[in-house]
Structures are given as structure tokens and as C-alpha cells.
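Visitor: I'm new to protein structures and have a pile of questions. Could you walk me through this one?

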Amino acid sequence: MSRPHHAIHGALLAVTLLLPPAARAEPLDVETPPVEAGHPRIVLARRWGQTATVRITFSAGAVDDEGQKGLTRLSQYALLAANGRVDLESFLLGVHASAGSLSIETRQRDCAFALTADRRDFGPLARQLLTAALSPRLDARRFASAQARALIDGLQRGGGQDFLTLVASLVVEDGRYRNEPWGNRESLEALEFQDVADHVLDRLSPANATVVVTGDFDRDEILRLARSFRGGQARPVSRPTLGIPFRTSKPSSSEVNIRAYQVKLETPHDAAVARVAAALLDDELWRRFRQAGLAYSYTAAPLRSAWLDLLAVIVPARDPSSLPLSGYLAETVDRVRAGAFDDLQLARAKRAAQASLAADDRSPPALAQVLANGGVTWHGRAVADELLTLDRSALVAELGRWLAPDRSLVIYLGPTP
Amino acid sequence: MTRPLHATPVNPASLSTVALAAAVALALTRPALASAAAGPTPHREVLPGGLELVVAPIPGAATSSLRFLVRSGSLRDPPGREGMAHLLEHLLIRGAPGTVGLVEAARAAGATLNAFTSHETTTYVLDAPTGTFGPLAEGLLRAVTNPTLPTAQIEKELQVVSEEGREQRLGMFAFLENVLYRSDLPSGTTLGHGASRERVSRTDLMSFFQQEYATSNSALVLTGDVTVESARQLLERAFLVPPALPEEYPPAAPPSPVLPVLEKVRAGRIAVMVGYALEPEDRPACQPLADLVWLRAYLELYVRQPITSSVEVGCITLRGADFLLALATAPSLDASELPDALERIMLGATTRPITERERRLLLQRRQRELDRRNQSSQELADDLADAEARLHDRDRASAEVVAPPPLSPGATQAVAKRSFLPERRVFLQLSPFEG
């Protein structure tokens, strides 16, 4: 005969909470070498392992396309497929042989290349990508090849949309925020080589780039290489003004309830509060939605970028007839805002935040992404230290401000808006 | 939950992939050609109680993993109670209601705790930081081998499954399986439907558990910073299903797929799947062939003349039958030549010999993938669990995970003669203008 489940699970939780925090065992060190004006910013996080990742982010995206939708996306393809600095076939086969991956991402205010490769192949592949992206020699004769690739993306509706894109496209008054990051057939076909060449020279220049390298790589070689690129004029990224509080309903085939709160994550303390807040919200969603049979999946997460930070709660579930789900979701958030959680819940949330930090630190692609999104104030030893010292009163004070109704964006997607 | 995309325990990573959609423009994944890299040597044994134990130690691994596999899924649902195996999976992983449970403990530890029900198997998944793995593994094993199933919890979980059904989308592989075995699929998905689930009682669930979760019908895979001795101790403490004899759960004979497949379906996107059902003796050649087809398709249809937004080529096993399949998607009718191109490249792999350059590329990739897989407790556990799920030749499947066989000279031509035949062909096309 076995012990009752609740006793076992209570003991189980006690054991997991008594173990040292996961983040304490991780390196978490992040290096930001000084660079002069006109060079890309550099962020390095070296970890032992099988792979390494380089992520090159430019502070230009669909908003900067103005009326030429898809210009940034097409420019990215031109950097790969119409560039005398790189042999695309050889490069892609090198990535393949390394069992690696290459992604081309385009959002509203930024765009990125991310390469992950085996550590034994990483150096030459990273050099090819960095050289192609930061020291291009665009070739008009191969422009059609770049255009064909961008067109394949541009024909897919909603391409490049992520949650920040969705929210900004709904909430920001500036119409450029409704530009499709991947463009469309008409706009992409109308673009000419010179449009792209000008855009690359201006917006996709080294001065507007950030190079993040993570994992197992030759630090000195990468640093030397990254510092060799120079050009362009840095353009600061302004934060859009959101008309908050905001509430809207949009037609959609499936129902999703979204509540987001505009925050500004500037310090390691902010990062720690945001991570614990997300874990507390996650805990409440589990208890009040999943355990109660109201939802199958749900998300609570801080979304960090150079131009917009949100604390978001997403529940893809329908309104049962007996319960207005949107109000129940607001009530759930309010419970966290009011500090209606016990010490055990808080300990669990802090532990989960530390574990999340550690998990990011162990994965070169994930680490590169979080560092590109928020730098050392978003991930690193200082954040781990803040997580250890964060106390209830400081947390509740911040939550009271962050989760206030006047900062909220309430979005309902469903068949009957 | 149900496993996305695949209807049977097929590891998505076993497909050689070029995914050019959404944020992932080029995603290149695992091949499984001949073994090149030394990895952990899995220990595999059938315990006296009937349970299969597989342990692959990776000393010092930051994460350790557990897969508890029950070779029973939705095909064992009683008529009229479709969805029962999946509902039971939901209930077992939840632990007791109203208490601080397994899920909360896993979340606090930063662990992944999950479960999947396919037509043929149910798999429980734990990936946890090594420091917290022991207590969590013990909690999970206790939960899934000694259910309490309070009635109130069953009612709530029925609502959760209903919500899951609303979120679920049938993938191409699940669709193919439905086409191949249409005669014995009552509802098409593992979830059943609202009415069939509502008929399931607590007694039904306990009876299903006692019958299907037999030790002789299960396997436990442990990878990461674990030892055979610690695995045995874990089982002693936490595995609560009574012993069974192998003859208490005789494997059913695998059904025969309905071939050939020629389906054109109306859908909001364009996707093409072409391939062949392989004769059993062609299985060793499948993955090397898939990798070669993938490499050529990638070069021709994306790198040199881009007409596709993604192409995947791989080997999958559906209910004991092996398939070599190529799947490509395209955003518009500009890709009308895609089906013929895919078919030509696949057939060409058996007539146009591999070049030295191709051989070198594939070998390097194989070494890198195996090295990476052997350092990853999660990937290794997934592969070993997939092998254990191949009921009718799991000995060979397990061996292939450790040391995939090389492609012998002439093997590709033999595959063409035996398996690349019109009567074994699979062709599926999704398009807004079909069906």
C-alpha cells in the first residue's frame, strides 16, 4: 500500500525547494566588450558545450519599410543571396553538414540572422555570416534570386507575426505598425535593387547592429572579427506610444483571451520582478484555469525587446456560458497584483524564475535570443542575485504598479467579437 | 496531450528538415545514418516483473530524462468510449487535486513534465535539472502507476480535453495514418469526441489502467546523470504496478495499410507528400536514402531554384509499417511542379549514385548529430523510447539507435525493386483547389 498522493507531493515539493537554486550552478557570465561609434555592439557569453550561436540583430524592421512593404525582409535575403561576399550554396551546405540551423527573422522594429552550428564548424560559418551581413558587396545580377526567396515568404499570410507584432499592430496608432514584416507579392515585386542597396547602407549597417555570440566559440577570434566591421550611423530606437488602457475584439476562427501590461524593464531588479511575476501568474492560471477545467493551454510571460516590454497573459479558451472569461482572467491577474499568494507560492515562483534563467543559460540559441532582446540587464549574474534577494514587499509594490488596470491591453480574438 | 503532427510515436527530429516558415527559415535536423560517434551504451534488460528497463548514462549531464512508455493508446479504447486512453493519460499526470502536486513541483524545479497519447502508445515525459530529477522521477512514477482518479477530477479533466480538442489541428502524418488505416479508426484522433468521452466512468478508467498498464506492456527509459543501480532503486521505491508475465499481454498482429494512397484534399495551404511503403528488409536503407533525397531536394528546390518554403524527408513507422516520405509546402500555385519534382528526386536517389561530395557532407552531418544527441539526455531518451515503441522489432530498433547501419553498395537499387512500386506509393496533396 502506498502513501496518499498529497503527502508524497507535498514532500516532493519540499525536497525540490530545499535544493540549491538552479541558476546558482550556471555560469551566467556575460561580456560586453567596449566598442567605438560606428561598430556593432558586441555581447559574448561563452559556455562549454557542443554548439555555438551567433545572432546578428539590426534595429530596422517593418516599421522602417514605410510604404515599401517587405523592404527589410528582402534586404536580408539580398545579404545572403545577392552578395559577392558569400557563396550561398556553399554556406548553406556548410550549415547542413554541421547539423546546424540558420534563421532569418523580421519583426516590426528589428530583424535578425541567427546561426547555430557545431563548435568544430562554428568559426568559419560565423565568419561567413558576419562578413555577409556586416560587410556586404551587393550584386544586382543576383537580385532576382533574393526576390524569389522573399516572395515565397511574402505569399504566406501573417508571416513573421509574433505576439509583440500583433499587439503593436492593434494598439499603436502609427499605421506603419500594421506593415506585414514579410511584405506581399505586389510590394516585393515592386522593389528594385537600388531600394535594397540604399536600405542596407542606411538601416542594416554595422552601426545599427548588435552581435551576440553564445556557446562554445573562440572568444578572441570572434571579438577581433566583430570589431573589424564599421559603417553607417546609429539610429536610436524610440518606443512607440501605446494608447493604454486599451480594449479591443477581433474576429478569429479560434478564441483567445489576452491581457498584457506595458512595463519598462531597465534594470536587473526589473528583470527579476518580471520573471517572478510571470511565474506567479503561471501558477494562478494553472490553478484557476487548468485545474478548474477552463483551459487546456495558457501562457504567462514577460516579453522583452528594445522598443516594447510587456507582461502578457494568454489563454486560448472559450467563454463558458456560466462565466465571463475575460473578467475571470482580470480577477486572476488582480489576485497576483494584490499579493494574494502565500510564502510557498512565492518560493515556488522564485525557484521557477531561477530555473528559467538557468535553462536559457544552458542553450546557446535561447541565450543569444534573450541577450539580443534585453542584454545584461535581462539575463546574467546580476539578475540571478536580484532573484535571490527579492522580498515580498518590494515585489508586491512593483506588481501594484505594473499590473494596474490603467496599463492594461485587453484583446479578445474569437468568432463573435 | 496528444503529440503534435505525428499520430504515432515518431520523433519529429528524425525527419531531415528544411523548415523555412515563420521565424525558422532554415531548420536542419537529425539524420540517422551509420554510427560514427561513440556515445553512451544503453543498458537494456527485461526485469523479472516484465518491465523493460533502458538506461543510458551521461555522467555529469545537467539534465536527466525519463520516458515511461505504455504500448497502448487510443486503438485500445473500447467502442463507444473513444478518448479514454488519452483521458487517463491526462488524469495520471495530474496527481491529486487541490494539493501542491507533481506539476507544481516540476514547474518550481524548471522541469518539463508532459505526456502524449498516440493511437498505439502512451508516453510520459520528464526532463529535469539533474539535482531535482530523483524526487520528480519518483513522484511521476508513483503517479502513473498508482492512480486514485477522484470523480471530481475526472469531470474537470473532461472539460480540459474538450478545450484541447478545440485547439487541435490534424497534421499531415495523422491525416496519412487515417487514410492508411481508415477501416479501424473510429474518430480519427486520439481524443475521441464529446459524447464518447462523457460515457467514460471511473470504473472504466480503472479497468483500462489495470488491463493496459501491465508491466509486460511497458518500458522505462532513463538517460542523463543516472546509473543502472539508481534506476533499479527508483523502480523499487516508486513503481507500483504488480508484476506480469509476457504472455499476459501478447502483442497484436500489426494491421495492413491500405495502399496505394492517392488523395487530394481541399485545404487553405499547399502541401505535397510523396513516398513509398517499404518492405521490412528495406528499413536499414531508409534513413540513408532519406538523407540523400533530402539533401538533393533541398539543393534543387530551395537553394538553387526556390519553389518551396519547406521540405522534409524522413522515415516513419506507422503501426509497424515503414514509410519513406517527402513532404514539401509552398505558398502558391507557382509551385505546381512540386509533386513531380519531389517524386523525381526520390526515384533518382536509387538510380543516380551518391557522389563523393554528398557522401562527405552526409557523413560530417551524421557525426555532428550523433555527438550532439549523445550529449542530450532529452534527445537520447526520445530516440530510445521511440525504439521501444516499435513493438515487433524493438531489439533491432534499439540497436539502430545506438549504431544505425550503413547503406551497403547496391542497397538503393534493391529498395527500388522491392519497394518503389506503384502499388506501394503514397501521394497526398493539400490545396485550395483540390478535393
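Visitor: How many Å apart do the C-alpha centres of domain 1 of chain A and domain 2 of chain A lie?
Guide: Keep in mind that this is a predicted model. The domain assignment splits chain A into domain 1, residues 41-227, and domain 2, residues 242-414. Going from one C-alpha centre to the other, the distance is 29 Å.

Visitor: Which element gives the most to the side of domain 1 of chain A that touches domain 2 of chain A?
Guide: The contact takes 27 residues from domain 1 of chain A and 22 residues from domain 2 of chain A. On the domain 1 side, the elements giving two or more residues are β1 (41-46), β2 (51-58), β4 (111-118), α6 (163-171) and β5 (209-215) of chain A. The one that gives the most, with 6 residues, is α6(A).

Visitor: And how many residues of that side of domain 1 of chain A are nonpolar, polar and charged?
Guide: We're still on the side of domain 1 of chain A that touches domain 2 of chain A. Sorted by class, its residues come out as 13 nonpolar, 9 polar and 5 charged.

Visitor: Let's hop to chain B. How many Å separate the centres of its domain 1 and domain 2?
Guide: In chain B, the assignment gives domain 1 as 39-248 and domain 2 as 261-431. Taken over C-alpha atoms, their centres are separated by 29 Å.

Visitor: Which element of chain B gives the most to the side of domain 1 that touches domain 2?
Guide: Here 31 residues of domain 1 of chain B are in contact with 24 residues of domain 2 of chain B. On the domain 1 side, β4 (52-57), β5, β7, α5 (172-180) and β8 of chain B each supply at least two residues. That side divides into 15 nonpolar, 9 polar and 7 charged residues. The top contributor, with 6 residues, is α5(B).

Visitor: Which strands are the edge strands of the open sheet in chain B?
Guide: The sheet has 6 strands in the order β3-β4-β8-β5-β7-β6, with mixed pairing. Its neighbouring strands are turned by 10 degrees against each other on average, direction ignored. An edge strand pairs on one side only, and in chain B that describes β3 (43-46) and β6 (112-117).

Visitor: Which residue of β7(B) is the bridge partner of B:Leu69?
Guide: Strand β5 (residues 63-70) and strand β7 (residues 122-129) of chain B pair in the antiparallel sense over 8 bridges. Look up B:Leu69 in that pairing, and its partner in β7(B) is B:Thr123.

Visitor: What angle does the direction of α3(B) make with that of β7(B)?
Guide: Helix α3(B) packs on the sheet, where it touches β5, β6, β7 and β8 (218-224) of chain B. Set its direction against that of β7(B), and the angle is about 155 degrees.

Visitor: How is α2(B) oriented relative to α3(B), roughly parallel or roughly antiparallel?
Guide: The axes of helix α2 (residues 102-109) and helix α3 (residues 130-145) of chain B come within 10 Å and cross at roughly 160 degrees. Angles over 145 count as roughly antiparallel. So α2(B) is, relative to α3(B), roughly antiparallel.

Visitor: Is the crossing of α2(B) and α3(B) left-handed or right-handed, and who makes the contact?
Guide: The crossing is left-handed. The residues in contact divide into 7 nonpolar, 2 polar and no charged. From α2(B) they are B:Leu102, B:Ala105, B:Ala106 and B:Ala109, and from α3(B) they are B:Thr132, B:Leu136, B:Gly139, B:Leu140 and B:Ala143.

Visitor: What about helices from two chains: is α3(A) oblique or roughly parallel to α11(B)?
Guide: The axes of α3(A) and helix α11 (residues 356-375) of chain B come within 7 Å and cross at roughly 40 degrees. Angles under 35 degrees count as roughly parallel. The crossing angle therefore makes α3(A), relative to α11(B), oblique.

Visitor: Which residues of α11(B) make that contact with α3(A)?
Guide: By class, the contact has 3 nonpolar, 2 polar and 1 charged residues. On the α3(A) side you'll find A:Leu93, A:His96 and A:Ala97, while α11(B) brings B:Leu361, B:Gln364 and B:Arg365.

Visitor: Last one: where does A:Ala99 lie?
Guide: Most residues other than glycine have a negative phi. A:Ala99 isn't a glycine, but its phi is positive, about 55 degrees. In chain A, this residue lies in the loop between α3 (88-97) and β3 (101-106).

Key. Residues numbered from 1 in each chain as written. Chains lettered and ligands numbered in written order. Predicted model: local features only at pLDDT ≥ 70, side-chain atom pairs only at ≥ 80, totals over all residues. Axes fitted to C-alpha atoms, helices over the stretch in contact; angles between N-to-C directions. Helix = DSSP H or I, 4+ residues; strand = E, 2+ residues; numbered from the N terminus. Parallel < 35°, antiparallel > 145°, perpendicular 65-115°, else oblique. Left-handed = near helix turned anticlockwise from the far one by under 90°. Contact = placed C-beta atoms within 7 Å. Nonpolar A, V, L, I, M, F, W, Y, C, P; charged D, E, K, R; others polar. Pairing = 2+ DSSP bridges. Domains from an automatic or database assignment.
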